[in-house]
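User: Could you walk me through a few spots in this structure? I'd like to start with one residue and work outwards.

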Amino acid sequence: MIHQNLPFLEQTTLPVPVLVVEDEPLIQQRLHGLLLQLGYRDEVLSFAGTLQAARAIVAAQPVALALVDLQLPDGSGRELISELRAEDPTMSILVVSAWSSEDAILGALRAGATGYVLKERDDFEVLFSIRSALRGGAPIDPFIARRILELLPAPATQAQTSAQIAAETAEQLSEREAQILRLVGDGLSNREIAEQLFISRFTVESHVKRIYRKLAVSSRMNAVLVARERGMIG
């Protein structure tokens with residue numbers, strides 16, 4: 001299904017089907033409207049208000065994109081995120097939540113969420129986050145990004161010199177891999193990274209897979225978080 005009226009997708013195929021996990025009817029309606037604006041049709045959209053309902057939908061048909069709230073009547077959306085990520089390591093999973101606590105943020109990202117946006121943001125910002133996820137990016141709400149930066153370790157002490165950090169980094173990531181991961185952290189998709197570095201998209205994908213293996217992660221955002229925690233990228 002090609003949508004030529006969506007310039008940001010540049011005639012790429014929208015990932016379908018889509019699962020929206022949200023128990024508030026008004027938020028469900030809002031997300032439904034935004035997805036329609038992006039070019040989706042009703043028949044490829046599924047909505048669930050509980051973990052049980054979401055699991056039933058996924059059991060009947062795997063999904064390609066998931067928008068997940070964290071606080072649900074029968075449990076945490078983090079459980080579902082972990083299950084979805086285990087089933088499909090490449091799936092885009094965007095958290096759309098009112099929760100901004102440390103546990104909620106890190107729990108969702110470690111479970112495998114590729115992005116995190118707060119419900120309080122206006123339609124343009126939420127739409128931008130969904131659009132970024134569709135392009136393979138890792139959209140993070142500005143407030144969430146600041147919280148993540150606050151949680152990162154303090155600068156290295158004298159006992160851990162810059163030379164030591166550089167040596168550890170060199171053993172784990174090549175210069176090209178670190179360069180690509182920094183661009184991933186900036187929210188660029190594989191295609192955009194390929195264009196900026198003048199290499200093929202497949203080469204970028206190969207580097208990203210090696211980064212995943214080296215860092216023992218399964219999502220773009222987790223790769224960025226782990227690399228920053230270890231001082232591999234700025």
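Analyst: Gladly, with the caution that this is a predicted model. A place to begin is Ser132, which sits in helix α5, spanning residues 123-134.

User: Is Ser132 buried or exposed?

Analyst: Ser132 counts as buried, because its relative accessibility is 12% and the cut-off for buried is under 20%.

User: And what does Ser132 touch?

Analyst: Leaving aside residues up to four places away in sequence, Ser132 is in contact with Gly137, Ala138, Pro139 and Gly187.

User: Switching to the second largest pocket, which residues lie nearest its centre?

Analyst: Those are Ala138, Pro139, Ile140, Gly185 and Gly187, out of 25 residues that line the second largest pocket. Among the elements giving two or more residues to that lining are α6 (142-151) and α11 (220-229), while α5 provides the largest share, with 5 residues. The volume of this pocket is about 430 Å³.

User: What's the chemical make-up of that lining?

Analyst: The lining of the second largest pocket divides into 12 nonpolar, 8 charged and 5 polar residues, and at least three residues come from each of domain 1 (18-149) and domain 2 (175-230).

User: Different topic: why is α4 described as largely enclosed?

Analyst: Helix α4 covers residues 102-111, and 7 of its 10 residues are buried, so the rest of the structure largely encloses it. The buried residues of α4 include Ile105, Leu106 and Leu109.

User: What covers them?

Analyst: The cover over the buried residues of α4 includes α3 (77-87), β6 (92-97), β7 (115-118), α6 and α11.

User: And which residue follows α4?

Analyst: Gly112 follows α4, and its phi is positive, near 125 degrees.

Notes. Residues are numbered from 1 along each chain as its sequence is written. This is a predicted model: local features need pLDDT of at least 70, side-chain atom pairs count only at pLDDT 80 or more; totals for chains, interfaces and linings use all residues. Side-chain values use heavy atoms; hydrogens and water are left out. Helices (H or I, at least four residues) and strands (E, at least two) are DSSP runs, numbered from the N terminus. Buried means under 20% relative accessible area, exposed over 50%, partly exposed in between (1.4 Å probe, protein chains only). Contact means heavy atoms within 4.5 Å. On a 1 Å grid over the protein atoms alone, a cavity is a set of points where a 1.4 Å probe fits but cannot get out, and a pocket is an open set with protein on both sides within 12 Å along at least five of seven lines; lining residues have an atom within 4 Å of a point. Grid points are joined across faces, edges and corners, and a volume is the space filled by probe spheres set on the points. Ala, Val, Leu, Ile, Met, Phe, Trp, Tyr, Cys and Pro count as nonpolar, Asp, Glu, Lys and Arg as charged, and the others, Gly among them, as polar. Domain bounds come from an automatic or database domain assignment.
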